[in-house]
Amino acid sequence: MLSEKSIGLQDIQIVTSIEQLNDHLKLSRNSGKSIGFVPTMGALHDGHISLINQSTKFCDITVSSIYVNPTQFNNPDDLKKYPRTIDEDIQMLQEANCNIVYIPKESEIYPGGLKTIDYDIGALADVMEGSFRPGHFQGMVTVVKTLFEIVKPTHAFFGEKDFQQLAIIRKLVHDFQLSIDVIGCTIIRESNGLAMSSRNQRLSEEDRLRCGLIYETISKIPQLMKTMSVSEVKVHIANIINDSGFLKLDYFELADSADLSIIENWSQSDNIRAFIAVYCKEIRLIDNIQVSS
Ligand code: AMP
């Protein structure tokens with residue numbers, strides 16, 4: 001008969017220093033095992049867990065990190081109010097069979113203080129989140145590059161929820177010639193279509209339900225494209241969002257999925273994706289959807 005231990009969950013290793021992390025990974029690294037990495041800022045939900053599931057499916061060892069990275073917040077209030085649910089997060093990671101969770105101290109990620117790396121992301125950072133959240137991507141690439149250097153994964157899993165981030169990470173890995181396979185994972189949604197996000201925890205129950213309008217609206221684009229020009233679709237979407245009475249549009253863009261260049265005519269690309277950022281009260285929500293190809 002199997003003992004309770006052997007049929008139960010493997011205990012997750014909680015590490016808070018590079019030294020501990022190296023101790024736990026030494027054997028796996030030396031024996032050439034694949035190490036899947038899922039960086040997060042915590043307040044975990046099923047979107048994050050879908051990334052863990054991909055990692056446990058494809059890799060021998062799965063490492064996740066929880067670190068709310070100050071340098072990627074362009075709004076100090078957003079940083080202050082970012083949900084922090086560490087005990088629940090560890091429980092969820094344990095249940096998803098994540099092997100190691102790394103919860104670093106700020107001094108390990110930023111030994112020289114909260115400075116960002118000097119890396120020119122290029123045009124990918126000039127649009128959408130890059131132009132509406134100044135400094136966001138510089139902070140993001142800094143923490144991701146540092147975490148990659150610490151964890152040394154063979155594979156890294158990122159959500160298409162942050163599609164622009166995923167594109168920039170692919171470029172980062174390419175530019176620094178890191179031997180990491182970056183795997184993009186589909187967006188996980190709540191039952192009303194709202195893309196899961198840690199920030200959804202800050203919405204009232206009523207707002208969370210009616211924010212299904214965001215996905216409902218962008219889902220109609222493939223249909224609208226048949227009769228409307230790009231600028232007509234933009235006006236149409238902006239009107240629906242701003243007339244809703246509870247959402248305010250930050251931006252809506254149509255861009256080429258590969259290089260994120262902004263589309264002004266449908267003929268410019270056969271691989272178009274729609275990107276939206278809205279405010280519901282002071283809570284900023286983003287989503288995106290493939291609309292052609
Ligand atoms: P965050 O904790 O917001 O930094 O997100 C950590 C990772 O989870 C990033 O790769 C996100 O793109 C991904 N992620 C967040 N929300 C979702 C979602 N709804 N579906 C899929 N991946 C997600």
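An oxygen atom of the ligand lies 2.9 Å from a polar backbone atom of Gly-159, and this pair of atoms is a convenient place to enter the structure, which is a predicted model. On the ligand there is also a nitrogen atom, placed 2.9 Å from a polar backbone atom of Ile-188, while a backbone N or O atom of Met-41 is found 2.9 Å from an oxygen atom of the ligand. On its own the ligand has 490 Å² of accessible area, and the protein covers 92% of it.

Around the ligand stand 17 residues, of which the closest are His-48, Gly-159, Asp-162, Ile-188 and Met-196. Two or more residues of this shell are given by each of strand E2 (35–40), helix H3 (46–58) and strand E5 (155–159), and the largest share, three residues, belongs to H3. Sorted by class, the shell holds eight nonpolar residues, seven polar ones and two charged ones.

From the ligand's surroundings the reader can turn to helix H9, which runs through residues 163–175. Its 13 residues reach 18 Å from the first C-alpha to the last, close to the 18 Å expected at 1.5 Å a residue. Many positions along H9 can be named as buried, namely Phe-163, Gln-164, Gln-165, Leu-166, Ala-167, Ile-168, Ile-169, Leu-172 and Val-173. The cover over these buried residues of H9 includes helices H7 (129–132) and H8 (136–151), together with strands E5, E6 (181–185), E8 (272–280) and E9 (283–290). Strand E5 therefore appears in both parts of this account, since E5 gives residues to the shell around the ligand and is included in what covers H9. After H9 comes Gln-177, whose phi is positive, near 50°.

Methods: Residues numbered from 1 in each chain as written. Predicted model: local features only at pLDDT ≥ 70, side-chain atom pairs only at ≥ 80, totals over all residues. Heavy atoms only, no water. Near = heavy atom within 4 Å. Polar contact = N/O pair within 3.5 Å; in protein donor to acceptor, adjacent residues only side chain to side chain. Areas by Shrake-Rupley, 256 points an atom, 1.4 Å probe, with all protein chains shown as cover. Helix = DSSP H or I, 4+ residues; strand = E, 2+ residues; numbered from the N terminus. Nonpolar A, V, L, I, M, F, W, Y, C, P; charged D, E, K, R; others polar. Expected span 1.5 Å × (residues − 1). Buried < 20%, exposed > 50% of the residue type's maximum accessible area, 1.4 Å probe, protein only. Contact = heavy atoms within 4.5 Å.
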